[in-house]
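Let's take a walk through a protein together, stopping at a few places along the way. Keep the sequence and the 3D view side by side as you read.

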Amino acid sequence: MATADRINGDLNNTEVLRKTLEIRPDSSYASRSLAILENQDDHAVRARYRPFLQHQDVAKSDWISKLELSTALKMAEADMASNERLKVLVLYGSLRQRSYSRLLAYESARILFRLGCDVRVYDPAGLPVKDDVNHDHAKVQELRDLSRWSDGHLWVSPEQHGILTAVFKNQIDWIPLSTGSVRPTQGRTLAIAQVSGGSQSFNTVNALRILGRWMRMFAIPNQSSVPKAYTQFTDESNPDDSTAFLQAEGGSRLMASGNRDRLVDCMEEFVKYTIIMRQHFDLFNDRFSERVEREAKRVHEEAKKEEKEKAGEEGNSKNLNGANVVNGVDVSGI
């Protein structure tokens, strides 16, 4: 029998919604940052993989420093007390001089950095097109080492011709699904985002989800899609004009909008999921089919070993029966 509670039918029907707890912001975490301090950072890593870092005067007063992130900061702080910082690899998909996927990747990296992550952004410039001869190329080895090092990935690609770019896909193609018994991306968490030159689209983030699933990664539920990206970022700013540079927060920054709020949601969610899942990394890597495969391999190797040992015993027996043969060698006349 219908009740008054169901007058909206299936639209905005909250009857089946599980009761949720409202978590109030903790004012003690306002403007707090868990970012790696410069004097505590590896200088080579900072120079090579943290191009997103702003001048100290900008970083301490920009929009990211003012975000209310107390829940994620609390989780990250507690996790860091007993574990290493979360290790995040950031990939973007454009080589343009003013690349909006790179700018969005940088903004995302700044949020993750404030949340205490060890963030490393890979520069795809110079990475050869996937082939069978460049496996030892320095850029290929660098990418594979970073993937192996990471706890989670952030992928940001432009949408070109209705799908992700070749520059981005080429990076994923160089990360093998399997290297011997090691699966370089299995069990990692994944956050995804896209930028579009036109109206909002979800083709690229959907394709990134397929890629992530194929690479055995855990893509977080949320995602970011920024339409008309060329209208969403401020202009570049001249660092020589210190006043203007500070007012522009360094320039080329993501403007306030629902798109920016969604990006913050994604990064916060990504950190929460990675903290929860990293402690069970080995558990999530344990699969029935692979256990069966390992057991079959073990049984096969043991059978080969037994067969070899048996053959050796039979050979020694023959040697003892032959007066002039020692370990299969004719010693007559020696």
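To talk about places in the chain we need names for its helices and strands: here helices (H or I, at least four residues) and strands (E, at least two) are DSSP runs, numbered from the N terminus. Please keep in mind that you are looking at a predicted model.

With that naming in hand, find helix α11, which covers residues 288-321 and holds Glu309. How accessible is Glu309? Its relative accessibility is 45%, so Glu309 counts as partly exposed, because the label "partly exposed" sits between buried, under 20%, and exposed, over 50%. Glu309 has company, too: together with Glu306, Glu313 and Glu314 it makes up a patch of negative charge on the surface.

Charges can also meet their opposites. Side chains of opposite charge can pair when their charged atoms come close. How many salt bridges does the structure hold? There are 22 salt bridges, and we will visit a few of them.

Start with Glu84 and Lys87, which form a salt bridge whose closest N and O atoms are 3.5 Å apart. The two partners sit in contrasting surroundings. Glu84 has 53% relative accessibility and therefore counts as exposed. Lys87, with a relative accessible area of 18%, is buried.

Next, go to helix α4, where Arg110 and Glu107 both lie, three residues apart, or about one turn of the helix. Their side chains meet in a salt bridge, at 2.6 Å from N to O. Are these two residues buried or exposed? Arg110 is buried, and Glu107 is buried as well.

A third example joins Arg120 and Asp118, with 3.3 Å from N to O. Arg120 is buried at a relative accessible area of 16%, and Asp118 is buried too, at 12%. This salt bridge belongs to something wider: Asp41, Arg46, Arg50, Asp118 and Arg120 are linked in a network of salt bridges. Try picking out those residues in the 3D view.

Now let us turn from charges to rings. To count as a pair, two rings of Phe, Tyr or Trp must have their centres within 6.5 Å. By this rule the count comes to four aromatic pairs. One of them is made by Tyr100 and Phe233, with 5.8 Å from centre to centre and 40° between the planes, a tilted arrangement. This pair links distant parts of the chain: Tyr100 is in helix α4 (residues 100-114), while Phe233 is in the loop between β7 (224-226) and α8 (242-247), 133 residues apart. Tyr100 counts as buried because its relative accessibility is 16%, and Phe233 is buried with a relative accessible area of 2%.

Another pair brings together Trp155 and Phe168. Why is this one called edge-to-face? The ring centres of Trp155 and Phe168 are 5.6 Å apart and their planes stand at 65°, so the pair is edge-to-face, since planes over 60 degrees apart get that name. Here too, distant parts of the chain are linked: Trp155 is in strand β3 (residues 152-160) and Phe168 in helix α6 (residues 166-173), 13 residues apart. Both Trp155 and Phe168 are buried.

Our walk now moves to loops and the backbone. Most residues other than glycine have a negative phi. Lys228 is not a glycine, yet it has a positive phi of about 40°. You will find Lys228 in the loop between β7 and α8, where it is partly exposed, with a relative accessible area of 42%. Ser252 is another non-glycine with a positive phi, of about 55°. Ser252 lies in the loop between α8 and α9 and is buried, with a relative accessible area of 10%.

Met255 also lies in the loop between α8 and α9 (258-278), and it is partly exposed at 35%. Which separation do we find between Met255 and Gln232? Their C-alpha atoms are separated by 5.6 Å, although the two residues are 23 residues apart along the chain.

For a last stop, look at Glu68, in the loop between α2 (56-59) and α3 (70-80). Glu68 is partly exposed, with a relative accessible area of 45%. Glu68 and Tyr29 are 39 residues apart in sequence, and their C-alpha atoms are 7.9 Å apart in space.

Technical notes. Residues numbered from 1 in each chain as written. Predicted model: local features only at pLDDT ≥ 70, side-chain atom pairs only at ≥ 80, totals over all residues. Heavy atoms only, no water. Patch = residues over 30% accessible without salt bridge, like charges linked within 9 Å, V, L, I, M, F, W, Y side chains within 5 Å. Areas by Shrake-Rupley, 256 points an atom, 1.4 Å probe, with all protein chains shown as cover. Salt bridge = Lys/Arg side-chain N within 4 Å of Asp/Glu carboxyl O. Lys, Arg positive; Asp, Glu negative; His and termini not counted. Charge placed at Lys NZ, Arg CZ, Asp CG, Glu CD. Buried < 20%, exposed > 50% of the residue type's maximum accessible area, 1.4 Å probe, protein only. Phe/Tyr/Trp six-rings, centres within 6.5 Å; stacked < 30°, edge-to-face > 60°.
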